[in-house]
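This report goes through selected helix packings, loop residues and backbone features of one protein chain. The sequence and the coordinates come first, and the description follows.

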Amino acid sequence: MLYYYSRKFVRCLWIASSPPVRSDASADVTTPHMLAATSALSLAVAALSRPGVALQRTLSLSFAAHQEWLDATRLIADVLPAFPSAVAHLETGGEEKMGVALLDPRLLSFGSVNAIAPGASTQRRLALALERGELLLPADVCVLVVRQDNLKSTTTCELSLEVELASELALSAGALSAHSQRARAAIHACLAESGLAPDEIALLEAIDQLGGRSPAKNVYEAFVRADPPPLERPKKTRGRAGAVPRATRNSGDANGLVATAEDRDGAERLHVESGQALMARAQRAAHHVIHLLKAERVASAVWFRNTDVVERPSGIDGSNDVRVPVTLILDNVRSAYNVGSIFRTADTACLAEVVTCGFTPHPPHPKLEKTGFGAITAVPSRHFGSTLAALAVLRSEGIEHIAAMETTERSENYVAANYPSKGVALILGNEEVGVDTSVLEQCDDIIEIPTLGTKNSLNVASAASVVVFEVLRQWGHLHR
């Protein structure tokens, strides 16, 4: 016990002896809104009554008239000592109603803070993850102090800064609580980068009154509450003199974990996840949460129409013939993902058939489903060993006009080409070598999509969509 408090006393002495904040701290800030910010007014060493608290400071910021927000990121960063791993807690004070929030200032070009980020002016507390004295924030996210009212007058705001060391939290309360606090701060920063407002982030943490839990909330809580990846201990290797080298205090492992504290006997090493690894995981989790929240918003928007129909319409033009007389012929297309995308285009256009030839992947095939999104079974298809054999069969079945999509000196612009309404077959070739020359000789027409850049052609799946819907436009099927 004496050892533990002696360490605390030495740390406090070191903090108390640190140089005070410069009186011109705000002058170095490049953001225009920081020109009115002043330096820290007071410095106080944290009391030992709360384990892990290593630093307390009060920062003062001045707002000019009609100034809605200030960027306090640089002001906060300038007063942070180089703690190895910590969590900073910010809280607004004073008589004026102020809020503190994470936000990309570029978004404010679309409107006021309260319009772009509801809840920013009423959020009084904010947590930030730190490592080696640096704020763990995405590049474009800033700490903004926002005024709630009285925008016409000048005013000041007191911002309380309190730093808790993750290593001391690990010693006193267990590594899980320290990791959870850092994880929570990290994912909040990444959610703010994606444009999520403070009110929306607060909903992820709100207690469910009705017992319902959204998928986005489940992902959020799983990330915050998960244990850090286990620390991989380095293998003991003997040096030249036969001694076993001891791992350095801040050495990282394969999982991006950094050792931060030892108990009194030095027998057990506690650790926290490195800032780089934590932010990478937080970014992935935040993207997952944002995607799920967007799906929830789309599902609740009655005017949004992005779901597939259960049954196919009786006819694209009101007749009994359900399908458009267009056949796509794939001449040795290699990529299963391109083929799956072409099947999806064929389904959206209600085409008659997709014919695969040669080594073109064809149903049943697991990779086709990934880009086909269920369209593989919705479109009739058949496979031939060679493209010429497929052309012979299609000719015998009554298809009179066959056009190859290829860039040649004989090619015609696809918009100017004529597509007989009785039926047409379009041939798409291999991604590298295109349509085989022997197949081109058996075609009635060769069409191409003009390109304006350095590439000679579009991706084969993209080209299929362009030409197919040009055929539908010429036939009048899109005017409904």
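## Helix packing and loop geometry

Ser214 sits in the loop between helix 6 and helix 7. The model is a predicted one. With a relative accessible area of 23%, Ser214 is partly exposed. Its C-alpha atom and that of Glu296 are separated by 8.7 Å, although the two residues are 82 apart along the chain. Glu296 belongs to helix 8, where it is one of the residues that meet helix 7.

The two helices that flank this loop also pack against each other. The axes of helix 6 (residues 198–205) and helix 7 come within 9 Å, and they cross at roughly 80°. Helix 6 is therefore roughly perpendicular to helix 7, since angles of 65 to 115 degrees fall in that class. On the side of helix 6, the contact involves Leu203, Leu204 and Glu205; on the side of helix 7, it involves Ala216, Lys217, Tyr220 and Glu221. By class, four residues of this contact are nonpolar, none is polar and three are charged.

Helix 7 (residues 215–225) has a further partner in helix 8 (residues 275–300), with axes that come within 8 Å and cross at roughly 165°. Helix 7 and helix 8 are therefore roughly antiparallel to each other, as an angle over 145 degrees counts as such. The crossing of helix 7 with helix 8 is left-handed. Helix 7 contributes Pro215, Ala216, Val219, Tyr220 and Phe223 to the contact, and helix 8 contributes Leu278, Arg281, Ala282, Ala285, His288, Val289, Leu292, Leu293 and Glu296. Eleven of the residues in the contact of helix 7 with helix 8 are nonpolar, one is polar and two are charged. Ala216 and Tyr220 of helix 7 appear in the contact with helix 8 and also in the contact with helix 6.

A third pair is formed by helix 9 (residues 336–348) and helix 13 (residues 460–474), whose axes come within 8 Å and cross at roughly 15°. Helix 9 is therefore roughly parallel to helix 13, the limit for that class being under 35 degrees. Their crossing is right-handed. Asn338, Ser341, Ile342, Thr345 and Thr348 of helix 9 make the contact with Val460, Ala461, Ala464, Ser465, Val468 and Phe469 of helix 13. The contact of helix 9 with helix 13 has six nonpolar and five polar residues, and no charged ones.

The table sets out the three pairs.

| Helix pair | Axes come within | Crossing angle |
|---|---|---|
| helix 6 and helix 7 | 9 Å | roughly 80° |
| helix 7 and helix 8 | 8 Å | roughly 165° |
| helix 9 and helix 13 | 8 Å | roughly 15° |

Another loop residue is Pro420, which lies between strand 16 (412–413) and strand 17 (424–428). Pro420 counts as partly exposed, at 28% relative accessibility. Leaving aside residues up to four places away in sequence, Pro420 touches His401 and Trp475. The C-alpha atoms of Pro420 and Val471 are separated by 9.4 Å, and the two residues are 51 apart along the chain.

Some backbone values in the loops deserve a check. Most residues other than glycine have a negative phi, and most peptide bonds are trans. His66 has a phi near 65°, which is positive in a residue other than glycine. The loop that holds His66 runs between strand 2 (53–63) and strand 3 (69–71). Its relative accessibility is 62%, and His66 therefore counts as exposed. Arg132, which is not a glycine either, has a positive phi of about 55°. Arg132 is in the loop between strand 6 (125–131) and strand 7 (134–135), and it is partly exposed, with a relative accessible area of 42%. The peptide bond that joins Pro363 and Pro364 is cis, with omega about -5°. Pro364 is placed in the loop between strand 13 (351–357) and helix 10 (366–372).

For the protein as a whole, there are 13 helices and 18 strands. It has 480 residues, and 44% of them count as buried. Among contacts with a separation of 6 or more, 75% are between residues 24 or more positions apart. The protein exposes about 25,200 Å², of which carbon and sulfur atoms supply 54%.

Methods:
Residues numbered from 1 in each chain as written. Predicted model: local features only at pLDDT ≥ 70, side-chain atom pairs only at ≥ 80, totals over all residues. Heavy atoms only, no water. Axes fitted to C-alpha atoms, helices over the stretch in contact; angles between N-to-C directions. Helix = DSSP H or I, 4+ residues; strand = E, 2+ residues; numbered from the N terminus. Left-handed = near helix turned anticlockwise from the far one by under 90°. Contact = heavy atoms within 4.5 Å. Nonpolar A, V, L, I, M, F, W, Y, C, P; charged D, E, K, R; others polar. Buried < 20%, exposed > 50% of the residue type's maximum accessible area, 1.4 Å probe, protein only. Areas by Shrake-Rupley, 256 points an atom, 1.4 Å probe, with all protein chains shown as cover.
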